[in-house]
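Q: Could you take a close look at one helix for me, and walk me through which way its residues face and what they pair with?

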Amino acid sequence: MRAICHYLARMSLHHSLLAAQGYLELDMAEEALRELDEVVDSERDREDVLQMRLFIMMRLRRWEGAVLTCGRLRETLPAESAGYIHGAFCLHEMGRTLEARKLLLESPETLHDDPTYHYNLGCYEAVLGNVEEAQRHLRTSFRMDNKFRELAMDDPDLLPVRALLES
């Protein structure tokens, strides 16, 4: 009997994740979030559930909820990048750029190999007026993945370092 209950819970989780993904593809984020709210408590801190919830919250621009979800991600998966990079982004979107910078700087060293880490840190440093630090992080992100140079061309956070982007 216990095995059957476990199997049914797994099937329900799988169904909820697929349904949430489907709703998102149909641009029905509220419904996707309601679907995740049906996940049983014992499954809510799974990485796939937290990642989906985070994606939905960010799509809905519910930054505070997304920050909380990122906190759960950092608690359950402290070595993973999403809880730090997305958490910092959400803080920045809320106008809490100094906190965003602090969160990235406190992240595990493994994130330093991620070009998004350096790009976002470059943005935060630029917004905070730390032009030299911004340029250093942006150069690192460009070396790691040149697509960030193109992304930077239209990024309003990078106005203080625009000269770097054009060279």
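A: Here's a walk around helix α2 and its charged partners. Keep in mind that this is a predicted model.

Helix α2 covers residues 29–37, and its buried residues are Ala29, Ala32, Leu33, Glu35 and Leu36. They span an arc of only 155° around the axis, so they sit on the same side of α2. That fits the usual helix geometry: with 3.6 residues a turn, residues three or four places apart point the same way.

Now for the salt bridges. Glutamate 30 pairs up with arginine 62, and their closest N and O atoms are 2.3 Å apart. Glutamate 30 belongs to helix α2, while arginine 62 is in the loop between α3 (47–59) and α4 (63–76), so this pair ties together parts that are 32 residues apart in sequence. As for exposure, glutamate 30 is partly exposed, at 32% relative accessible area, and arginine 62 is partly exposed too, at 33%.

Further along, aspartate 37 makes a salt bridge with arginine 53, with 3.1 Å between the closest N and O atoms. Here the link runs from helix α2 to helix α3, so it ties together parts that are 16 residues apart in sequence. The two ends of this bridge fall into separate classes: arginine 53 is buried, at 15% relative accessible area, whereas aspartate 37 counts as partly exposed at 36%.

For context, a search of the whole structure turns up 12 salt bridges. Away from the pairs above, Glu64, Arg96 and Glu99 are joined in a salt-bridge network.

Technical notes. Residues numbered from 1 in each chain as written. Predicted model: local features only at pLDDT ≥ 70, side-chain atom pairs only at ≥ 80, totals over all residues. Heavy atoms only, no water. Buried < 20%, exposed > 50% of the residue type's maximum accessible area, 1.4 Å probe, protein only. Helix = DSSP H or I, 4+ residues; strand = E, 2+ residues; numbered from the N terminus. Arc of directions from axis to C-beta. Salt bridge = Lys/Arg side-chain N within 4 Å of Asp/Glu carboxyl O.
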